[in-house]
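User: I would like to go through this protein model by question and answer. Please reason briefly before giving each result.

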Amino acid sequence: MSFPGYPTYKDSGVQWIRDIPEHWEVIRLKNVLKCRITDGPHTTPEFVDEGIPFLSVDGIQEGELSFEGCRHISCKDHEEYRKKAQPQRNDILMGKAASTGKIARVKTDATFSIWSPLALIRINSPLSSPEFYEQVLKSTASQSQIDVLCTSNTQKNISMDDIPRLAVSRPPLEEQIAIASFLDRETAKIDALIAEQQRLIELLQEKRRSVISHAVTKGLNPNAPMKDSGVEWLGEVPEHWLVNRFKLSIESCTNGVWGDEASNDENDVICIRVADFDRHRLEAREPDEPTIRNVSDRDIEQRSLRNGDLLLEKSGGGDKQPVGAAVLYVGKSPSVCSNFVARMRLNKNMNPSFWRYAHYSAYSLRINTKSIKQTSGIQNLDQQQYFDEKVAYPPFEEQQEIANFLDHEGGKTDSLVTQQQRLIELLQERRSALISAAVTGQIDVRGLVEAEGSEQ
């Protein structure tokens, strides 16, 4: 659908905003603020199991505030921190460290506190529209400015002094309200389409999990005689398969090493981290921008990775994604794995591709739950307990057949998932372009909002 433009335009004087409607103006963000921009405490509080929600920049997800899985602080600490920053409805929160430029408007009256990576921006309502300036700050024009103003040392940051300097458009208040209303309606439609594609991806992944679990526990022959495995999560398995502990498939399990900062010498190697795990493809390879660490000669000799190794996540995880993922290493360069990862080297007559699927099936069905130990908010895998879990052992030839089948089926699923992900990217690009066009006056939505209102 195409949208009309304004009758006349003028040069905004700002390269990111370009031309704006003749009756609009470009100002600094500071001119629409109710008070000085503040941020949360720069100290680390003592976290508690129950208390006041305490959000950092990871509390902004997909442009909205998310309290799911957030930290909590005591009422006493909250009373202290609220003296500096007390979020309230229609405040805008902005990531100013690490994930700079993440924007969300507060749409709740619930009590919570924020940490230092978040800046609190309070728009001078009713003279200006918080809903409009939320979209302005999410627009490409503002995000480009934020990116230019960021400094980078170990992570990107934008200073509290630079945020008020952001150049923003200012249409008349009634147009701000109309634009915000239009974007609220149109982006909701796009978000609904994105949600449909994401749900389809979830269904494809659920089907893939089911196919993997069935193949590694029941085999590919539907007419094979079956027997009771004696293991609850396995159920019946083909009669000629063995049932034994994970550890019998493994020749050795070696913990990773973090090493030192890169030194530009022969002991600099790529370090594969949990973040490098492709949990959908069940593999790990060197990323485009790998982590380089300096390790000892002994670690290079004893901990180097080779194709066919399985990598096991032994620390990390979370409520949504418990620790214990296992992936196949398919790298080429000399590398080691980080200290949050263990290298599993398989025995002979063990097909690495099959065993990554076997570990994935066990992971999906949560047999590792009792192997997880929680320490200071971090999950750790009790490797001895985990490797003592029982799994099914097909003969080597069947391992190969099953692995080939699952590789083929996974390829088909990957192709479908890639199509849906590309569609999501196109919808997100459409969403971003629509926001930018509306808040810079490239389209005139006033009549569209009025028409929508008259239809209701």
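User: What percentage of the residues in the chain is buried?

Analyst: The model is a predicted one. A residue counts as buried when its relative accessible area is under 20%. Of the 456 residues in the chain, the buried share is 48%.

User: How many helices and how many strands does the chain have, and what box do its C-alpha atoms fill?

Analyst: The secondary structure comprises nine helices and 32 strands. Taken along the principal axes, the box filled by the C-alpha atoms is roughly 80 × 50 × 45 Å.

User: Which residues of helix 2 are buried?

Analyst: Helix 2 covers residues 130-138 and is mostly covered, with eight of its nine residues buried. The buried set includes charged residues, since Asp and Glu count as negative and Lys and Arg as positive. The names are Pro130, Phe132, Tyr133, Glu134, Gln135, Val136, Leu137 and Lys138.

User: How far apart are the end C-alpha atoms of helix 8, and why does this agree with its number of residues?

Analyst: Helix 8 runs over residues 396-439, which gives 44 residues. At 1.5 Å a residue, the helix should therefore span 64 Å. The distance between its end C-alpha atoms agrees with this, at 62 Å.

User: Which residue with a positive phi follows helix 8?

Analyst: The phi of this residue is near 80°. The residue that follows helix 8 is Gly441.

User: What separation is found between the C-alpha atoms of Arg430 and Ile190?

Analyst: Arg430 is placed in helix 8 and is partly exposed, its relative accessible area being 37%. Along the chain, Arg430 and Ile190 are 240 residues apart. Their C-alpha atoms are nevertheless separated by 8.3 Å.

User: Which residue of helix 8 forms a salt bridge with Glu409?

Analyst: Side chains of opposite charge can pair when their charged atoms come close. In this pair the closest N and O atoms are 3.2 Å apart, and the two residues lie three residues apart in helix 8, about one turn of the helix. Glu409 is partly exposed at 23% relative accessibility, and its partner is partly exposed at 42%. The partner of Glu409 is Lys412.

User: Are Asp91 and Arg122 buried or exposed, and how far apart are the closest N and O atoms of their salt bridge?

Analyst: Asp91 lies in the loop between helix 1 and strand 9, and Arg122 in the loop between strand 12 and helix 2, so the pair, 31 residues apart, links distant parts of the chain. Both Asp91 and Arg122 are buried. The closest N and O atoms of their salt bridge are 2.7 Å apart.

User: Which residue pairs with Glu64 in a salt bridge?

Analyst: The closest N and O atoms of the pair are 2.9 Å apart. Glu64 is in strand 7, while its partner, 43 residues apart from it, is in the loop between strand 10 and strand 11. Glu64 is partly exposed at 33% relative accessible area, and its partner is partly exposed at 37%. The partner of Glu64 is Lys107.

User: How many salt bridges does the whole structure hold?

Analyst: Some residues are linked in a network of salt bridges, among them Asp39, Lys84 and Lys96. A search of the whole structure gives a total of 33.

User: Which residues form the negative surface patch that includes Asp297?

Analyst: Asp297 is part of helix 5. The residue is exposed because its relative accessible area, 55%, is over the 50% cut-off. The patch is formed by Asp265, Glu266, Asp297 and Glu301.

Technical notes
Residues are numbered from 1 along each chain as its sequence is written. This is a predicted model: local features need pLDDT of at least 70, side-chain atom pairs count only at pLDDT 80 or more; totals for chains, interfaces and linings use all residues. Side-chain values use heavy atoms; hydrogens and water are left out. Patches are made of residues with over 30% relative accessible area and no salt bridge: like charges are joined within 9 Å, nonpolar side chains (Val, Leu, Ile, Met, Phe, Trp, Tyr) within 5 Å. Accessible areas come from the Shrake-Rupley method with a 1.4 Å probe; for residues, only the protein chains shown count as cover. A salt bridge is a side-chain nitrogen of Lys or Arg within 4 Å of a carboxyl oxygen of Asp or Glu. The place of a charge is taken as NZ of Lys, CZ of Arg, CG of Asp or CD of Glu. Helices (H or I, at least four residues) and strands (E, at least two) are DSSP runs, numbered from the N terminus. Buried means under 20% relative accessible area, exposed over 50%, partly exposed in between (1.4 Å probe, protein chains only). The expected span of a helix is 1.5 Å times one less than its number of residues.
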